[in-house]
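Load the model in your viewer and show side chains as sticks. The stops below can be selected in order.

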Amino acid sequence: AEDLLRESEERFRFMLETTGDVIYRLDYETMTYDYLSPGIGSLTGFSQEEIKTLGFSSIVKRIDLPGAENVGPEVLVENRMMGKTGEFRADYLITTRSGDSRWLRDHSFPWFDSSGRLVGSVGILSDVTDYKRAEALVRQRTAELVESEEKYRTLVENVPLVVYRLSPAGEVIFINQFAEVLTGYSPVDILRDSRVWDEAVHDEDRPRVMEQRRKAYVQRRELMVEYRIVHRDGYLVYVVEHAIPFEVPGGDVTSVDGIIMDVTGRVKLQEKLIQTEGIRTISEVSARLAHEIRNPLVSAGGFARRLLSSMNPDDPNR
């Protein structure tokens, strides 16, 4: 029995001395550790005796509890006074002997004596510095992502362009508010029935537009097409659509993302310029024609006057 006990103690001591974690037992009456495993030196830089003398709380700079960050030590005392002495978890930011900062995770359970009276806690301290740094990095990246998404959402909702996403089946997955300005149909109307989106394209342009969108999926081709939309109120809107198929790493096209820009003003301006240029051309042709006609007329008139002046008043040819 003594040999078995000695072997068990040796195994237990080996585990405590080789593991990177620290096993402890805290006496609530004296608020001192009556046991600390040797790993405390590796975690903090302080020996077992130094920790017992200084007090572990003296090197703790911050305490995080599940659901509550940076709480004061008085919260732990208050919880204990309120009888919250069950399983305990906390993260401690400590300053090591060398001045470095390190995060330790405390996981403990109540320690009862033979009569069932609570006398302390038994727990384990683990180094979670890398985990906490990664957690902080994830939190920072998440905040940056949320900010980026908010900027993107604000831009998409306020830009004077229709921004959309179509599924491989041609259904509208997303469309911004500007669609209502361009077509007269709200995003809710379009998302409820994608046919509204297709039927807004002018009848003469629809086959060409549908074919271009199909090629964007099948042939993974960038889409650039100009066509007309019939507004809900009946007037024509000239637009340019530019879209790019979105491919997943496997090569499949999962959606087409695009924008539609209103170019009615440009088209009207072009028509006006063409009309103005046509009028100018007609004016120039008319002026040239009048000039070409006037020259022989002047010559003929001058020649006629010369003939007239050379005839006698009684000449029958006069």
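The tour of this predicted model starts at one helix and then turns to salt bridges.

Select residues 129–158, helix α5. The end C-alpha atoms of α5 are 43 Å apart, which agrees with the 44 Å that its 30 residues should span at 1.5 Å a residue. Now colour Thr129, Lys132 and Val156, the buried residues of α5. To see what covers them, add the strands; among these are β3 (60–65), β5 (88–95), β6 (101–112) and β7 (118–127). The cover also includes β8 (162–166) and β9 (172–175).

Stay on Lys132 and add Asp91: their side chains form a salt bridge, 3.3 Å from N to O. Asp91 belongs to strand β5 and Lys132 to helix α5, so this pair ties together parts 41 residues apart in sequence. Both residues are buried.

Next, select Glu87 and Arg89, whose side chains also meet in a salt bridge at 3.3 Å, N to O. Here Arg89 is partly exposed, because its relative accessibility is 43%. Glu87, at 48%, counts as partly exposed too.

Move to helix α9, residues 206–218, and pick Glu211 and Arg214. The closest N and O atoms of this salt bridge are 2.7 Å apart. The two residues are three apart in the helix, which means a separation of about one helical turn. Glu211 is partly exposed at 31% relative accessibility, and Arg214 is partly exposed at 40%.

Last, select Arg62, Asp64, Glu69, Asp91, Arg105, Lys132, Glu135 and Arg139: salt bridges with shared partners join them into one network. The model has 29 salt bridges by the count used here.

How values were computed. Residues are numbered from 1 along each chain as its sequence is written. This is a predicted model: local features need pLDDT of at least 70, side-chain atom pairs count only at pLDDT 80 or more; totals for chains, interfaces and linings use all residues. Side-chain values use heavy atoms; hydrogens and water are left out. Helices (H or I, at least four residues) and strands (E, at least two) are DSSP runs, numbered from the N terminus. The expected span of a helix is 1.5 Å times one less than its number of residues. Buried means under 20% relative accessible area, exposed over 50%, partly exposed in between (1.4 Å probe, protein chains only). Contact means heavy atoms within 4.5 Å. A salt bridge is a side-chain nitrogen of Lys or Arg within 4 Å of a carboxyl oxygen of Asp or Glu.
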